[in-house]
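Welcome to a short set of exercises with worked solutions. Keep the structure open beside you and try each task before reading on.

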Amino acid sequence: MIIIKNVGSSETNPRRIKRWLHGTRWVFLLIASVLIYGSHAPLIALTKSDGRVPFSPSSCVVLIELSKLLISLSALFASGDIHTIKVSVSWAAAMPYAVPALLYAFNNNLVVFMQVYMDPSSFQVLSNLKIASTALLYTSCLRKRLRRAQWTALMFLMVAGALHSYSNLDWEIPDQGGENARTGLHITTWGLLLVLIYCFVSGLAAVYTEKVLKSQRLPLSLQNLFLYIFGVGINLVSHFYSSRTEQAFLEGYSVLVWVIVAGQAANGLLMSVIMKHGTGITRLFIISSAILVNSVLSWGLLGLQLTPFFLLPVLMIVVAVYLYYR
């Protein structure tokens, strides 16, 4: 009597289904992150009154970090990994997470400081250099090699971001009769130096965070807990140090502002998953791909006009994705 077992079909199908489910979850995560990133600026614009946001941006950052901290703590309890806290909590395990928190806080304050030496539009164009700095640090610090096609893809990504920012520049006509006649664009030597520092720190923070998340064999929720404890503390100190007005902590908050807080908290947690199981380069593609969402929402919600030039950076991003991930 001969018994024939169809081993291939019984083992292969579950594996295929598992890979398909994993790929589907990953695509959903990436799309969600792109949507949240792209909607951030239009939502902020909707909260403005007389051209200014009615709430304290620094208090908003504190609430975002606090939300991520509470969600991470809840996830740790829900996963049953709470027992790992007693084993894993130590200064040696927690202190590495203070570095990215300090770097991000430094850059947040640097963006405000550099406005004296350059206009916001020039900063938007030049800040795309962080794609190059992240890629260089990624290959040098993490010992990762990129193919020539991948370097070409990152170049396309950087140029696409610069073109998109350039198309949105606010060109001012100089006052012909006034003493202060000048265009809306200006940048000093100090401004150029500061934006280069900003791009370097941005890349360093991303690469360092990825290295720490992948090097420690701890639950991601616990790693996030370490990271956001420092994030809350550092940003809270920064808020009280920089707040020179009598505006209350929650003054000016509306339902829309709380939606922004919830969205950015969710995006931060999604990004930690990407940094843990993906790469910092994927993060760059998410931010650049959010250009499409940002522009469409700005057109639909704010009435901004889209020009045919808008299609060029979108096409370059599509080509970049193809070249890098093919």
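**Exercise 1.** Is Lys214 buried, partly exposed or exposed?

*Solution.* Start with the ground rules. The model is predicted, so local features need pLDDT of at least 70 and side-chain atom pairs count only at pLDDT 80 or more, while totals for chains, interfaces and linings use all residues. Residues are numbered from 1 along each chain as its sequence is written, and side-chain values use heavy atoms, with hydrogens and water left out.

Step 1: recall the classes. Buried means under 20% relative accessible area, exposed means over 50%, and partly exposed lies in between, using a 1.4 Å probe and protein chains only. The areas come from the Shrake-Rupley method with a 1.4 Å probe, and for residues only the protein chains shown count as cover.

Step 2: place the residue. Lys214 has 39% relative accessibility and therefore counts as partly exposed.

**Exercise 2.** What does the secondary structure of the protein chain come to?

*Solution.* Step 1: fix the terms. Helices (H or I, at least four residues) and strands (E, at least two) are DSSP runs, numbered from the N terminus.

Step 2: count. The protein chain has 13 helices and 0 strands, and along the sequence its pattern reads α-α-α-α-α-α-α-α-α-α-α-α-α.

Step 3: add burial. Of the 326 residues in the protein chain, 41% are buried.

**Exercise 3.** How many salt bridges does a search of the whole structure find?

*Solution.* Step 1: recall the idea and the cut-off. Side chains of opposite charge can pair when their charged atoms come close. A salt bridge here is a side-chain nitrogen of Lys or Arg within 4 Å of a carboxyl oxygen of Asp or Glu.

Step 2: search. The whole structure yields 2 salt bridges.

Step 3: take Glu65. Its side chain meets that of Lys68 in a salt bridge, 2.9 Å from N to O. Both residues are in helix 2 (residues 57–79), and because they are 3 residues apart, about one helical turn separates them. Lys68 is buried at 9% relative accessibility, and Glu65 is buried at 13%.

Step 4: take Glu210. This residue forms a salt bridge with Lys214, with 2.9 Å between the closest N and O atoms. The two are 4 residues apart in helix 9 (residues 189–215), about one turn of the helix. Glu210 is buried, with a relative accessible area of 1%, whereas Lys214 is partly exposed.

**Exercise 4.** Which helices each supply at least two residues of the lining of the second largest pocket?

*Solution.* Step 1: define the search. Rolling a probe the size of a water molecule over the atoms shows where empty space is left. On a 1 Å grid over the protein atoms alone, a pocket is an open set of points where a 1.4 Å probe fits, with protein on both sides within 12 Å along at least five of seven lines; lining residues have an atom within 4 Å of a point. Grid points are joined across faces, edges and corners, and the volume is the space filled by probe spheres set on the points.

Step 2: size and centre. The second largest pocket holds about 340 Å³ of space. It is lined by 16 residues, of which Val34, Phe285, Ser289, Ile317 and Val321 are the closest to its centre.

Step 3: trace the lining. Helix 1 (7–47), helix 12 (280–302) and helix 13 (311–325) each supply at least two residues, and helix 12 gives the most, with 7.

Step 4: sort by class. Ala, Val, Leu, Ile, Met, Phe, Trp, Tyr, Cys and Pro count as nonpolar, Asp, Glu, Lys and Arg as charged, and the others, Gly among them, as polar. The lining has 13 nonpolar, 3 polar and no charged residues.

**Exercise 5.** Which residue has a positive phi although it is not a glycine?

*Solution.* Step 1: know the background. Most residues other than glycine have a negative phi.

Step 2: find the exception. Arg143 has a positive phi of about 60°.

Step 3: locate it. Arg143 is in the loop between helix 7 and helix 8 (148–167), and its relative accessible area of 72% makes it exposed.

**Exercise 6.** How far apart in space are Trp258 and Leu63, C-alpha to C-alpha?

*Solution.* Step 1: place Trp258. It lies in helix 11 (residues 255–277) and is partly exposed at 41% relative accessible area.

Step 2: read the distance. The C-alpha atoms of Trp258 and Leu63 are separated by 9.3 Å, although the residues are 195 apart along the chain.
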